[in-house]
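Colleague: Could you take a close look at one part of this model for me? I would like to hear about the nonpolar patch on the surface and how the rest of the chain frames it.

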Amino acid sequence: MREIIKFPEYKIAEKTEWRCKSKSSLRKAIEDGTAKSERWIHVNLPSVDEHIMHPTGLVAFISV
């Protein structure tokens, strides 16, 4: 699982002088608490083929 924090107001595609200035203004906004951010959680689940040590699917169904 990974947590990614994005700052949509500070997107810069190319490596330019503006990028360096934007980076420092982003740091200041984070310190001030004024930066708007988005939190993303990425979860990587293993495929069914990786479950070799235990049964999966209908075979794994246990009725109580």
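Modeller: Happy to; here is the patch, followed by the chain around it. This is a predicted model, where local features need pLDDT (the predictor's confidence in each residue, from 0 to 100) of at least 70 and side-chain atom pairs count only at pLDDT 80 or more, while totals for chains, interfaces and linings use all residues. Residues are numbered from 1 along each chain as its sequence is written, and side-chain values use heavy atoms, with hydrogens and water left out.

The surface patch is nonpolar and consists of Met-1, Ile-41, Val-43 and Leu-45, which together have about 510 Å² of accessible area (Shrake-Rupley method, 1.4 Å probe, only the protein chains shown counting as cover for residues). Patch residues have over 30% relative accessible area and no salt bridge (a side-chain nitrogen of Lys or Arg within 4 Å of a carboxyl oxygen of Asp or Glu); nonpolar side chains (Val, Leu, Ile, Met, Phe, Trp, Tyr) are joined within 5 Å, like charges within 9 Å.

Val-43 sits in the segment after strand E2 (38-42). Val-43 counts as exposed because its relative accessibility is 53% (exposed is over 50%, buried under 20%, partly exposed in between, with a 1.4 Å probe and protein chains only).

Now the setting. The protein chain has 1 helix and 2 strands (DSSP runs numbered from the N terminus: H or I of at least four residues, E of at least two), in the order β-α-β along the sequence. Of its 64 residues, 5% count as buried. Confidence is highest in E2, at 95, and lowest in helix H1 (residues 17-32), at a mean of 80.
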